[in-house]
Amino acid sequence: MPRVLVVGSANVDFTVALERLPEPGETVTEGTLLVARGGKGANQAVAARRLGAEVRLIGCVGDDPSGREVRAALSNEGIGVEGIVTTQQGATGTALILVDRAGRNQIGVAPGANRALTVAHVRARAEDFAWAEVVVASCEIALECVAAALALARGRGATTILNPAPVPRAPIDRLDLVDYLTPNAGEAARLGGVAGEEAAADALVARGAGTVIVTLGEAGALCRGRGGSHRVPGLRVEAVDTTAAGDAFNGALAVALAERRALPAALRFANTVAALACTKRGAQPSLPARAEVDRRL
């Protein structure tokens, strides 16, 4: 089985489906509520696990009912949760999500306990980094924890993936530790400082990232860097909720790379998983199993 370690956030998501997204100061009513588990790190871990990988997660939850529920649910998925610490410094992370009929969303996050994860916690899980073939990190935790995770992974010979979302206020300084950087088009432009996905990707490669993969929604993905230059088309689906599409892509990419797939094939696999995640409501409830992905491929 592919071995994937995820270092990132774990949240509880409150999603309201509406006819349309509200304008500033406006209330849109008659929505329906879905309460489910989310957080970029936990989503990526669940995505990889449902695709057949052996997965461990390093993160932090609050000492509250939500934190206990998150830990239990991840364990029930078959994910190793020994690296999830519990803190009294904040409540378990919470996301408030609005989704319209086209699947577009607006998201507000109270990170809570995710911000209490420390470099010491990450370094204490050195055996997880020695075990992993691929390590995935994202930016809903402190950047110093991200840098520590990437350094530990590089030191143990693991492939590193950084999903730079949400884009942090502080610069991401250790792109030289990143084998695969996976921004969407807007994130690539902000991080690269230039418009256009190709120019932004090239700017990020020039700053040290090994390969930059810009996700483009239904248009697929663009790859630039040591992995060559590729464009892979997306899979057209009827989108219901795009909330976890990026996390699905990253979890799937980690699995494909651990399976030693060539990069174009890995991108097609990840695009398919991301597209299927858009066809169902919620973050983790939308993440597909391997059999469903294989049928679409």
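In which kind of crossing, left-handed or right-handed, does α6 pass α7? Let's find out together, keeping in mind that this is a predicted model.

**Stop 1: two helices**

Select residues 185-192 to light up helix α6, then add residues 197-206 for helix α7. Turn the view until you can look along the place where the two helices pack. Their axes lie 8 Å apart and meet at an angle of about 50 degrees. Because angles under 35 degrees count as roughly parallel and 65 to 115 as roughly perpendicular, that value makes α6 oblique to α7. And here is the reply to our opening puzzle: α6 passes α7 in a left-handed crossing.

Now show the side chains where the helices touch. On α6, pick Ala188, Ala189, Leu191 and Gly192. On α7, pick Ala200, Ala203 and Leu204. Try colouring these residues by class: six are nonpolar, one is polar and none is charged.

**Stop 2: the sheet**

Next, hide the helices and bring up the strands. You should find an open sheet of four strands, ordered β3-β2-β6-β7, with mixed pairing. Select 32-38 for β3 and 105-110 for β7; these are the edge strands, and each pairs on one side only. Tilt the sheet to look across its strands: from one strand to the next, the twist averages 20 degrees.

**Stop 3: a pair of strands**

Finally, zoom in on β3 again and add residues 11-17, which form strand β2. How many bridges join β2 to β3? There are seven, and the two strands run antiparallel. To see one partnership for yourself, click on Val12 and then on Arg37 in β3, its bridge partner.

Notes
Residues numbered from 1 in each chain as written. Predicted model: local features only at pLDDT ≥ 70, side-chain atom pairs only at ≥ 80, totals over all residues. Heavy atoms only, no water. Axes fitted to C-alpha atoms, helices over the stretch in contact; angles between N-to-C directions. Parallel < 35°, antiparallel > 145°, perpendicular 65-115°, else oblique. Left-handed = near helix turned anticlockwise from the far one by under 90°. Contact = heavy atoms within 4.5 Å. Nonpolar A, V, L, I, M, F, W, Y, C, P; charged D, E, K, R; others polar. Pairing = 2+ DSSP bridges.
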